[in-house]
Amino acid sequence: MIIYDKFFLFTLITIIITRVSVYIFNKPSPTIKNFRTHHWMFGLLFTILLFFISNFYTNVYLLSISVGVFLDEIGFILIKGKTHEDNYLS
């Protein structure tokens, strides 16, 4: 299996695990001083950090996980979701 296939596979697995976890645990994300965080924010942050501090070939697994966490909520971002319930529409 080539490295790009591993990236796609791990990204897909991360999206599935994240989506299932959101449905099972069904808790709103933490709020910091009236600002609600979402897991796409952490995924985007770690993706940006990994692009700057690592080589794609050495950290394909970490990069695919961070991209998967970000992509999991792409529907939430596109519908401009505001509430916890909006997350289940995507």
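# A guided tour from the β1-β2 loop to the end of α3

Begin by selecting K33, which sits in the loop that links β1 (31-32) to β2 (35-36). The model on screen is a predicted one. K33 is exposed, because its relative accessibility is 81% and the cut-off for exposure is over 50%. Next, display the backbone of K33: phi is near 50°, a positive value in a residue other than glycine. Most residues other than glycine have a negative phi.

**The whole chain**

Now zoom out and colour by secondary structure. The protein contains four helices and two strands. Followed from the N terminus, the elements come in the order α-β-β-α-α-α. Of the 90 residues in the protein, 29% are buried. Switch to a surface view: the protein exposes about 6400 Å², and carbon and sulfur atoms supply 74% of that area. Among contacts between residues at least 6 apart in sequence, 63% join residues at least 24 apart.

**Helix α1 against helix α3**

Select residues 3-25, helix α1, together with residues 60-72, helix α3. Their axes come within 8 Å and cross at roughly 45°. An angle over 35 degrees but under 65 falls outside the parallel and perpendicular ranges, so α1 and α3 are oblique to each other. The crossing of this pair is right-handed. To see the contact itself, show side chains on both helices. On α1 the residues to pick are I3, K6, F7, F10, T11, T14, I15, T18 and R19. On α3 the partners are V60, Y61, L63, S64, I65, V67, G68, V69, L71 and D72. Coloured by class, the contact of α1 with α3 shows eleven nonpolar, five polar and three charged residues.

**Helix α2 against helix α3**

Keep α3 in view and add helix α2, residues 39-53. The axes of α2 and α3 come within 7 Å and cross at roughly 145°. This crossing is left-handed. From α2, select H39, W40, G43, L44, F46, T47, L50 and F51. They meet L62, L63, S66, V67, V69, F70 and D72 of α3. By class, the contact of α2 with α3 comprises ten nonpolar residues, four polar and one charged.

**T18 and D72**

Centre the view on T18 in helix α1. T18 counts as buried because its relative accessibility is 14%, and the cut-off is under 20%. Leaving aside residues up to four places away in sequence, T18 touches H39, V69 and D72.

From there, move to D72 in helix α3. Is D72 buried or exposed? With a relative accessible area of 7%, D72 is buried. Which residues does D72 touch, not counting those up to four places away in sequence? They are I15, T18, R19 and H39. Measure from the C-alpha atom of D72 to that of H39: the separation is 8.5 Å, although the two residues are 33 residues apart along the chain.

**The last stop: E73**

Finish at E73, in the loop between α3 and α4 (74-78). A relative accessible area of 1% places E73 among the buried residues. To close, draw a line from the C-alpha atom of E73 to that of G43: these residues are 30 residues apart along the chain, and the two atoms are separated by 9.7 Å.

How values were computed
Residues are numbered from 1 along each chain as its sequence is written. This is a predicted model: local features need pLDDT of at least 70, side-chain atom pairs count only at pLDDT 80 or more; totals for chains, interfaces and linings use all residues. Side-chain values use heavy atoms; hydrogens and water are left out. Axes are lines fitted to C-alpha atoms, for helices over the stretch in contact, and angles run from 0 to 180 degrees between N-to-C directions. Angles under 35 degrees count as roughly parallel, over 145 as roughly antiparallel, 65 to 115 as roughly perpendicular and the rest as oblique. A crossing is left-handed if the near helix is turned anticlockwise from the far one by less than a right angle, and right-handed if clockwise. Contact means heavy atoms within 4.5 Å. Ala, Val, Leu, Ile, Met, Phe, Trp, Tyr, Cys and Pro count as nonpolar, Asp, Glu, Lys and Arg as charged, and the others, Gly among them, as polar. Buried means under 20% relative accessible area, exposed over 50%, partly exposed in between (1.4 Å probe, protein chains only). Accessible areas come from the Shrake-Rupley method with a 1.4 Å probe; for residues, only the protein chains shown count as cover.
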